[in-house]
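User: I'm in my first year and still learning to read protein models. Could you take one part of this structure and walk me through it closely, then show me how other parts can be read in a similar way?

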Amino acid sequence: MSCETCHLRDLYALALVDRAWDRAVRPRLYSKVHIVGNDWPIHTKKFKMKSGVRLKLLRRTLRERRALAQHVREIKVPRLQADGEPIEAKTLDVVASVVMACPNLEKLIGFYPVYGHEFDRLTYALSTRPNFREHVWIIGENPSITERSLKQLPPGLMDYEQAGSFLHYHDRWRSLSTLFLCSQNHGILERDVFVQSLHRLPSLQHLCISNFDVDDFDDVTLQSLPPLQSLRLQDLEGVTFWGLSEFSRTRSAKGIRQLALVNLDITYLSAISNILLHLTSLQRFTLVQESSPEVAAGDLVFQPVIASQQLHYMHWDILVPGSANKNLASSIRAGGFPSLRTLRAPSDHDGQLQMLCRPRAQVVLPSDKYSRAYRASSEGSTSDTARTLFTARKLAQQRIEDARNTVKFKVVIEEDGVVQEVFDIQGFMGTIGSRISYHLVSDVPGSDNALIDFQDLISGAKEVTPRDGCTGMWNASHHTGKKWWNHTERCRYHPVDLHRFF
């Protein structure tokens, strides 16, 4: 299996055939420029650079040949530092100069520096691209804001210049449709800045907000969100079950098709019921939390407890056993989800949800025996309540095997009152005729976590230190020998689609 380097080399070879091939290949060669892994040692020695050789060569090409720069829509910048290490200012400047050379740039992927409310050239360069379509803000700590927080309470921790600069960055993003806002190390983005920045993006459709303090994002801020199609709320202390219920009744929430609620600690099941009731366009719903949402004391319970006529995908993961799984199962049994086709429940403790899905012969994957969770399970260091897909598949498969070993019913063949033969029909786990598929596969291939997280987006460990990467060995038989096919070992890069978060 080849990599980006091999792929680009082959496209370049096609472009050298003749002018017709060059015209056909050029847009494919430059529309998505993915620079992956470390530089070739010969290049670093030749150009007397420690890193970033290919990035600077790309900048020179785009500056000298503006026609090629017009084709660039997406750039993947190589990871030049390990996870947790700060990105050097000179690296940001080089990436910024490449961005400024691409007038039609839509995406910058694989490179997400922390923004600490201080000016940097890369953030400014991205703010000038009118066709930019997706952006990830990682808001970091700022010393001046931290100092002010010791003397006063919010709001007002961000000064006028910091708030104005952040808002100004959104003025030209008229085509931006996907936005991520994540706080890191107590990064602050105050309520009014939240609301104003989001309403400056007329094309915004997909929004993810994560890890902000109660003073930055709460129920009031939630009610002020613009109309969206996809929304993910994660680790937000200020969002309560009451705020979610009220938000589901707003006009802005009517068009939401995908909703993910991660670690919000929703107390009452009525909030989830209201969300599914009022979001009439909702097709995908994700709920992940540790505690089980319960029916409030004194509430009348009618079946189905929760229901949605149009929902076709549900990720339901309640870690601590409670009545939530039972209420969902009874709601599905009562016809509350007629359009549901896929159910992913990693914490289906007693198999009530699996029983309502189509029977499956096998749930475990062949790759499970190579996972870290398998080795930990062999050593007895994991429990059956751990939130891992390996554990979920193991328990689901065990329930299937137990059902197979149980005689469901017997077929007795008699002739003239004499029993001739008796056939034992083994049991199965599931419901015959169900249209729901029991799905226990991760959003990220090879991961043991069901739900994709920010670490899957920003981590560059596989790129910095590749294992079993590509060196071009697949083409080693070429008649020109090693000089043709060999290159520095680089990982086989797979871009993370931001829409997987919803």
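Analyst: Happy to! Let's begin with a word we will need: a residue is called buried when its relative accessible area is under 20%. Please keep in mind that this is a predicted model.

Our close look is at strand 7, which covers residues 206–210. How many of its residues are buried? Five of its five residues are, so the strand counts as mostly covered, given that buried means under 20% relative accessible area. In a regular strand the side chains alternate between the two faces of the sheet. With that in mind, look at the two sides of strand 7: His206, Cys208 and Ser210 lie on one side, Leu207 and Ile209 lie on the other, and all of them are buried. Both faces of strand 7 are therefore covered, by the under 20% cut-off for buried residues.

Which strand pairs with strand 7? Strand 6 (residues 178–183) does, in the parallel sense and over five bridges. You can find one of the partnerships yourself: cysteine 182 has serine 210 in strand 7 as its bridge partner. Serine 210 is also one of the buried residues we met a moment ago.

Now compare this with another strand. Glutamine 258 sits in strand 9 (residues 258–262). Is glutamine 258 buried or exposed? Its relative accessible area is 19%, so it is buried. The side chain of glutamine 258 makes a polar contact of 2.9 Å with the side chain of serine 230. Beyond its neighbours within four places in sequence, glutamine 258 is in contact with Gln229, Ser230, Leu231, Leu282, Arg284 and Phe502.

Parallel pairing turns up elsewhere too. Three strands form an open sheet in the order 1-2-3, with parallel pairing. Strand 1 (32–34) and strand 3 (107–109) stand at its edges; each has a single partner strand, so one side of each has no neighbour in the sheet. From one strand to the next, the twist averages 10°. Three bridges join strand 1 to strand 2 (residues 74–76), and valine 33 has isoleucine 75 in strand 2 as its bridge partner.

Helices can be read with the same care. Two packed helices are described by the angle between their axes and the distance between the axes. Take helix 1 (residues 4–15) and helix 2 (residues 19–31): their axes come within 8 Å and cross at roughly 155°. That makes the two helices roughly antiparallel, and their crossing is left-handed. Where they meet, helix 1 offers Leu8, Leu11, Tyr12, Leu14 and Ala15, while helix 2 offers Trp21, Asp22, Val25, Arg28 and Leu29.

Helix 9 (residues 160–168) and helix 10 (residues 191–198) make a second pair, with axes that come within 9 Å and cross at roughly 20°. These two are therefore roughly parallel to each other, and helix 9 passes helix 10 in a right-handed crossing. Here Ala163, Phe166 and Leu167 in helix 9 meet Val193, Gln196 and Ser197 in helix 10.

Finally, return to the idea of being covered, this time in a helix. Helix 14 (residues 324–333) has eight of its ten residues buried, among them Asn325, Leu328 and Ile332. What covers those buried residues includes helix 13 (269–278), strand 11 (313–318) and strand 12 (342–344). After helix 14 comes glycine 335, with a positive phi near 85°.

Note on methods: Residues are numbered from 1 along each chain as its sequence is written. This is a predicted model: local features need pLDDT of at least 70, side-chain atom pairs count only at pLDDT 80 or more; totals for chains, interfaces and linings use all residues. Side-chain values use heavy atoms; hydrogens and water are left out. Helices (H or I, at least four residues) and strands (E, at least two) are DSSP runs, numbered from the N terminus. Buried means under 20% relative accessible area, exposed over 50%, partly exposed in between (1.4 Å probe, protein chains only). A polar contact is a pair of N or O atoms within 3.5 Å; within protein, one must be able to donate a hydrogen and the other to accept it, and residues adjacent in sequence count only if both atoms are side-chain atoms. Contact means heavy atoms within 4.5 Å. Two strands pair if DSSP finds at least two bridges between them. Axes are lines fitted to C-alpha atoms, for helices over the stretch in contact, and angles run from 0 to 180 degrees between N-to-C directions. Angles under 35 degrees count as roughly parallel, over 145 as roughly antiparallel, 65 to 115 as roughly perpendicular and the rest as oblique. A crossing is left-handed if the near helix is turned anticlockwise from the far one by less than a right angle, and right-handed if clockwise.
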